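Colleague: I'd like to go through this one with you at the bench-chemist level. Charged side chains first, please.

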Amino acid sequence: MKKGNKILAILMLVVFMTALLPLEGKAKANPLELTTENGSVPEIAAGTTHKLALNLKNVSEEEYKNIKVYPIIADEANWPFITDKQSYSQVISKIVPGEIKDATFSLKAKENIESKRYGILVGVAKDDEELFQQVIYVNGKAKKEEPKEEEKAKEEPEIKEEAPQVEEPSYDSGATFSTGEYVATGEENGNASIPRVIVTGFSTNPGTVNAGGDFVLTVNLKNTSTTTKVANLLFDFEAEGEGSDEQTSGPAFIPTSGSSSVYLKEIGANGTANIKISLHSKADLVNKPYGLSLAMKYEDSSATQIEATSSLSIPVSQKARFELSEFELSPNEVGVGEEANIMCNLYNMGRIKLYNVKAVFEGDTIKKTETFVGNVEPGSTASIDAMLTGKKEGKSEIKMTLTYEDEAGKVEKMEKTLKFSVIKAVEETTTDLAVEKPTSSKGKLLPLLLLVVIIVAVIVIFLKKKKKKNLGNEEEELLDEINGSTKD
């Protein structure tokens, strides 16, 4: 029986140790999680600059400070971006449990990247001690090869006159245009070349196209043929669709007049012309370029029908739209050197993200104070919380300057004011009163207490002497009585 108990005990010990083995081999989970926005795979086009936005989430129950997020360039040949900086890193000063912080990197893709998936190794460190590394994937998009020009049927005569200047596009970035294929129908005209009408540029008025606003688009045209004019030109504009469902789908730009067609009588040989159309952009467009195709139909001198297409790319700017709540000040006034807490809320009511939001408080009676808010997502709220320190006595107007960056990195600002009072410091007055009152009371009570003690002492001494005297008289009377009785 004892042997059976020993075997049972050994088996139980083996089972217990086996249950502990998975716990020993289990890896410690990362306290922070790194993902892309919405978990999507960003697309990078060759030769263009992109903002790689990453989200860092604290999934632990501890607060972390001085967190650094940085790309790791392990293999320069397979790194899809141009390395124009010594290092890339974003520092997050503090992240509390459950909080999500943004780390955004502005990177320019190489000209020779291929249309494939690239792995970007990103490191996360705390106080320069690496916590973990993670691969973030991006989809590369190779640059399209420019189509070769067709050889002309006959050599065109040399142009002696200088070609007229055409207006360049008003946008510095994102605005592009291209010319598509030409199709000629009708009777052939021997070996004569097809007169081509091309887009040489465009401009908008106003220069920046705002979402929800109207603008006039001017397209610059040129007849490349030096011998043949073109006539009866009909142009039709068609904007690309925006949105994925029935409620949000539709063209990004709509003609304000209701018609998307423009007619032009003719363009002379080697001549130029402009066409204009008034368009309205949808209010819910995001910050990016939107395509606009241009279909052309015209005739040459032999009445040959020619069709061609071109495409434009018009950047749209979505304005930031936010509101600030009323200031909450506690207390309403302070003494010199004292502090008051000021708070208000920022409501991002627009469709774009506000980056690097910062508030600066300035005034004649306070010390300059700055507070960093961070990034504010569309439809979210952020709190502006600061401490104002009294510098000089008086009433003055305090100005708060709020600055932020849009998606293009452009810094914008707005101002808001409030009244604030600083009074004279009361610390010294309160201390004097606290000291004088007990000193005055003690000065009055001390002589009185001393007098009472003296009187009590005199009374006690007098009573003791009187009692002693009475005792002496009684003893004498008693001795006299004893002596008298003895004589008898």
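Colleague: Which residue is linked with Asp-102 and Lys-353 in a network of salt bridges?

Modeller: Keep in mind that this is a predicted model, where local features need pLDDT (the predictor's confidence in each residue, from 0 to 100) of at least 70 and side-chain atom pairs count only at pLDDT 80 or more, while totals for chains, interfaces and linings use all residues. A salt bridge here is a side-chain nitrogen of Lys or Arg within 4 Å of a carboxyl oxygen of Asp or Glu. By that test, the network takes in Asp-102, Lys-353 and one further residue, Glu-377.

Colleague: How many residues apart are Asp-102 and Lys-353?

Modeller: Residues are numbered from 1 along each chain as its sequence is written, and side-chain values use heavy atoms, with hydrogens and water left out. The two side chains meet in a salt bridge at 2.3 Å, N to O. This pair links distant parts of the chain: Asp-102 sits in strand β6 (residues 100–108), Lys-353 in the loop between β21 (339–348) and β22 (354–362), and the separation is 251 residues.

Colleague: Is Lys-353 buried or exposed, and at what relative accessibility?

Modeller: Buried means under 20% relative accessible area, exposed means over 50%, and partly exposed is in between (1.4 Å probe, protein chains only). Its partner Asp-102 counts as buried because its value is 18%. Lys-353 also falls under the cut-off, so it counts as buried, at 3%.

Colleague: What is the closest N and O distance between Glu-63 and Lys-65?

Modeller: Side chains of opposite charge can pair when their charged atoms come close. Here Glu-63 is partly exposed at 40%, and Lys-65 is partly exposed at 46%. They form a salt bridge, with the closest N and O atoms apart by 3.9 Å.

Colleague: Which residue does Lys-282 form a salt bridge with?

Modeller: Lys-282 counts as buried because its relative accessibility is 15%. Its partner is partly exposed, at 25%. The closest N and O atoms are 3.9 Å apart, and the partner is Asp-284.

Colleague: How many salt bridges does the structure hold?

Modeller: The ones we've covered include Asp-102 with Lys-353 and Lys-282 with Asp-284. For the structure, the count is 12.

Colleague: On to the strands. Which residue in β8 is the bridge partner of Ala-45?

Modeller: Helices (H or I, at least four residues) and strands (E, at least two) are DSSP runs, numbered from the N terminus, and two strands pair if DSSP finds at least two bridges between them. Strand β2 (residues 43–45) and strand β8 (residues 129–141) meet that with three bridges, in the parallel sense. Ala-45 is matched there with Lys-141.

Colleague: Which residue takes a positive phi in the hairpin of β7 and β8?

Modeller: Strand β7 (residues 117–126) runs antiparallel to β8, with 10 bridges joining them, and Lys-126 stands opposite Glu-129. The hairpin has two residues between the strands, and the one with phi near 55° is Asp-127.

Colleague: How far apart in space are Lys-399 and Leu-418?

Modeller: Lys-399 is in strand β25 (residues 394–405) and is partly exposed, at 30%. Contact means heavy atoms within 4.5 Å, and among the residues Lys-399 touches are Glu-415, Lys-416 and Thr-417. Lys-399 and Leu-418 are 19 residues apart in sequence, but C-alpha to C-alpha they are separated by 6.7 Å.

Colleague: Why does Ser-421 count as buried?

Modeller: Ser-421 lies in strand β26 (residues 411–423) and touches Asn-332, Glu-333, Val-334, Gly-394 and Lys-395, not counting residues up to four places away in sequence. It counts as buried because its relative accessibility is 15%.

Colleague: About how much accessible area does the nonpolar patch with Val-456 have?

Modeller: Patches are made of residues with over 30% relative accessible area and no salt bridge, like charges being joined within 9 Å and nonpolar side chains (Val, Leu, Ile, Met, Phe, Trp, Tyr) within 5 Å. Val-456, in helix α2 (residues 427–487), is partly exposed at 45%. Leu-445, Leu-448, Leu-449, Val-452, Val-456 and Val-460 form the patch, with together about 530 Å².

Colleague: Last one: over residues 150–173, how many contacts beyond near neighbours in sequence does the model have?

Modeller: The mean pLDDT of the chain is 78, with 75% of residues at 70 or more. Residues 18–27 stay under 50 and have zero contacts beyond four places in sequence. Residues 150–173 are also below 50, yet for this stretch the number of contacts is 31.

Technical notes: Areas by Shrake-Rupley, 256 points an atom, 1.4 Å probe, with all protein chains shown as cover.
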